[in-house]
Amino acid sequence: MRLTDHEKAMLDGSEGPAVAAAMDLLVRYGEALDAGGLCDIRNVAGTMTQPSPAKAKLVAEGGWDKAFAVINLDSDADLDIPDMRIPTCQLQQGFGSDADGVAPYPRQFVELQEDAESFYGRKGVNILATCTPYQVGNLPVRGEHVAWMESSAVIYANSVLGARTNCEGTASTGAASLTGKIPCWGNHLPENRYGTHLIDVEVPVRDFLDWGMLGYFAGDLVQEERPVITGDIGIPELADLKHFGAAAASSGGVELYHIPGITPEAATPGDAFGARPVSEAVGYGPRERRRMYETLNSQGNKSDVDFILLGCPHASIDQVCRAAKALEGRQLNSGTQLWMMVPRALKAIADRSGYTEIIESAGGKLLADSCPAMSRSAPEGTTVFATDSAKQAHYLPAILGIEAWFGTLEDCVNAAITGRWTGELR
Amino acid sequence: MTIVLSGRKVVPGVVEGEALVSHETISGWGGIDPAKGTIIERRHELFGVCFTGKILVFPGAKGSSGWSGFFQTTRLMGTAPLGMIFTVITTKAALGAVVTRVPAVTDLDRDPVAVINTGDWVRIDADRGLVEVKEHA
């Protein structure tokens, strides 16, 4: 891998041992990828404060500097961690102290995380604490090279914002924060940003449920490649694209898609495919739609529902508003809990707008920072949950060993009120 | 019979051991339990199977960017695979192999998932980009 003189100097320690360790990781990683060199970046979204048993052990041994060295730089050396070189934000993490008594989340993790926030905040990490940094002000510009992790944020940054990032990890984002560099490979190179598969949507896709199922279909079809979506799709909202991308990154490894006329790098299908021939379209019709619904509902057997989860990725303020409207004047079943996950910055808006009060009056909770998957935490005794998120329906049965139902916001709210799942594909 | 595959180093080193082959891509976050070194994705062909101390042969990584962090944790908790051989290189698989710090290869001249079977004895010479496969009798 070719390094500039400045990069070589950083690797040799001209800017201190932590920067040298960061460069060492980036070189090992770049060589693993067979990258030609590194790109300059100025925006990192990564995971640093998320508590874990491994991190607790490292902090006990050598404080947060050691935890950063081992987890975020993959270094065994004893390092003093300097301030972040470039703007860096924390993605979602564990639950905070305001979830005490709601989420059965270990108290020692809450404390570890608070300690982490104060360490990383002092180093210049913005504690956005959300999987959707683009919903709360971190918006890279089109064409900008960035280093983001979190599969649903990566696909949004590449596809909807037109920024350029690979699906980075904990160690590569940590190293990027201290150097402003990331391997120039994959999605950073224009020739890798063209579409590979054309999906022609034959059934109307207009709402959140349908965008999730279409995303699940696209990811399953293309795996790690790049779908181009045309057909009967209307104009999606932010929440639709967020859900579509999260689903496509769960059933496959999609990091970039194009919707000609909607996403910024493709005005037409021809633009989306560039010099490549436009591929023969794969149809997404009623049969495919039904198959996705049944797949997403194949992990539910019992119709009694203990737990409703809304907002994955973290809900937009419009989703919170819609949930509040659906819950207004109603009461949750005594055996069913409802959590809606939201970025903390948007929770402040929900509080001021009165949505939080409506949701809580019905017996639900608006929770920030985390989610049941990140924190491995659902209400005590949950055996069956329902969600409007294709991503959570995909992951949570494995992570928590519970059954899953997938449906609309209204199906989920009805299940919360009655304690029974009656959702069906309409 | 010994088969030799030729490819490219991802992480240097030489190691040999028993192969565990996944025909399906693997999720890290949400797909493995790093404390036990097992696959936990319910619909996965290797659901419940432990990869600790095995040469993990798989088509590639899928799902969350927590992939590398979860495999790094297997190293920290002593449940890591012995080596990795994969078909498709992505940032998740590359960084995951780097931070797991086990010999790893990719870009082989034949698809390792098709050639290698679970139980075969496999030697990875990552420095030379070679994989030797001794078929399980």
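The following dialogue examines a predicted model of two chains and the terms used to describe it.

Student: Why is G180(A) called buried?

Tutor: The relative accessible area of G180(A) is 6%, and buried means under 20%, so G180(A) qualifies. G180(A) is found in the loop between α6 (170-179) and β6 (181-183) of chain A.

Student: What does G180(A) touch, apart from residues up to four places away in sequence?

Tutor: G180(A) touches C39(A), D40(A), I41(A), R85(A) and I86(A), where contact means heavy atoms within 4.5 Å. In addition, the C-alpha atoms of G180(A) and R42(A) are 6.0 Å apart in space, although 138 residues apart in sequence.

Student: What makes the pair K181(A) and D40(A) a salt bridge?

Tutor: The N to O distance between the two side chains is 2.5 Å. The cut-off is a Lys or Arg side-chain nitrogen within 4 Å of a carboxyl oxygen of Asp or Glu, so the pair meets the rule. K181(A) lies in strand β6 and D40(A) in strand β1 of chain A, 141 residues apart, and the pair links distant parts of the chain.

Student: Are K181(A) and D40(A) buried or exposed?

Tutor: K181(A) has 6% relative accessibility and counts as buried. D40(A) stands at 55%, and exposed means over 50%, so D40(A) counts as exposed.

Student: Which salt bridge do K181(A) and E7(A) form, and where do the two residues lie?

Tutor: Their side chains meet at 3.0 Å, N to O. This pair also links distant parts of the chain, with K181(A) in strand β6 and E7(A) in helix α1 (residues 5-11), 174 residues apart. E7(A) is buried, at 3% relative accessibility.

Student: How do you know that R289(A) and D210(A) form a salt bridge?

Tutor: The side chains of R289(A) and D210(A) meet at 2.6 Å, N to O, and the limit is 4 Å, so the criterion is satisfied. R289(A) belongs to helix α10 (residues 286-296) and D210(A) to helix α7 (residues 208-222), 79 residues apart. R289(A) has a relative accessible area of 14% and D210(A) one of 5%; with the boundary at 20%, both are buried.

Student: How many salt bridges are found over all chains, and how many across the interface of chain A and chain B?

Tutor: A search of the whole structure finds 31, and the rule finds three across the interface. R75(B) forms a salt bridge with D74(A), the closest N and O atoms being 2.7 Å apart. Both residues belong to a network of salt bridges that also links D24(A), R28(A), D76(A) and R101(B).

Student: What is the extent of the interface between chain A and chain B?

Tutor: The two chains bury about 3,000 Å² between them, with 54% of it on carbon and sulfur atoms. In chain A, A32(A), E224(A) and Y395(A) lose the most area to chain B, together 18% of what that side buries. The contact takes 44 residues from chain A and 33 from chain B. Polar contacts across the interface number 14 residue pairs, both residues at pLDDT 80 or more.

Student: Which element of chain A supplies the largest share of the side that touches chain B?

Tutor: That element is α2(A), with six residues. The residues of this side divide into 20 nonpolar, 14 polar and 10 charged.

Student: What makes the phi of D34(A) noteworthy, and why is this residue called exposed?

Tutor: Phi of D34(A) is near 65°, a positive value in a residue other than glycine. D34(A) is found in the loop between α2 and β1 (38-40) of chain A. The relative accessibility of D34(A) is 52%, and the threshold is over 50%, so D34(A) counts as exposed.

Student: Why is D107(B) called partly exposed?

Tutor: D107(B) has 40% relative accessibility, which falls between the limits of 20% and 50%, so the intermediate term applies. D107(B) has a positive phi of about 50° although it is not a glycine. D107(B) is placed in the loop between β10 (104-106) and α3 (112-115) of chain B.

Student: Which residues does a cis peptide bond join in chain A?

Tutor: The bond joins C312(A) and P313(A), with omega about -10°. P313(A) is found in the loop between β10 (307-310) and α11 (317-327) of chain A.

Methods
Residues numbered from 1 in each chain as written. Chains lettered and ligands numbered in written order. Predicted model: local features only at pLDDT ≥ 70, side-chain atom pairs only at ≥ 80, totals over all residues. Heavy atoms only, no water. Helix = DSSP H or I, 4+ residues; strand = E, 2+ residues; numbered from the N terminus. Buried < 20%, exposed > 50% of the residue type's maximum accessible area, 1.4 Å probe, protein only. Buried area = accessible area lost by both parts, 1.4 Å probe. Polar contact = N/O pair within 3.5 Å; in protein donor to acceptor, adjacent residues only side chain to side chain. Nonpolar A, V, L, I, M, F, W, Y, C, P; charged D, E, K, R; others polar.
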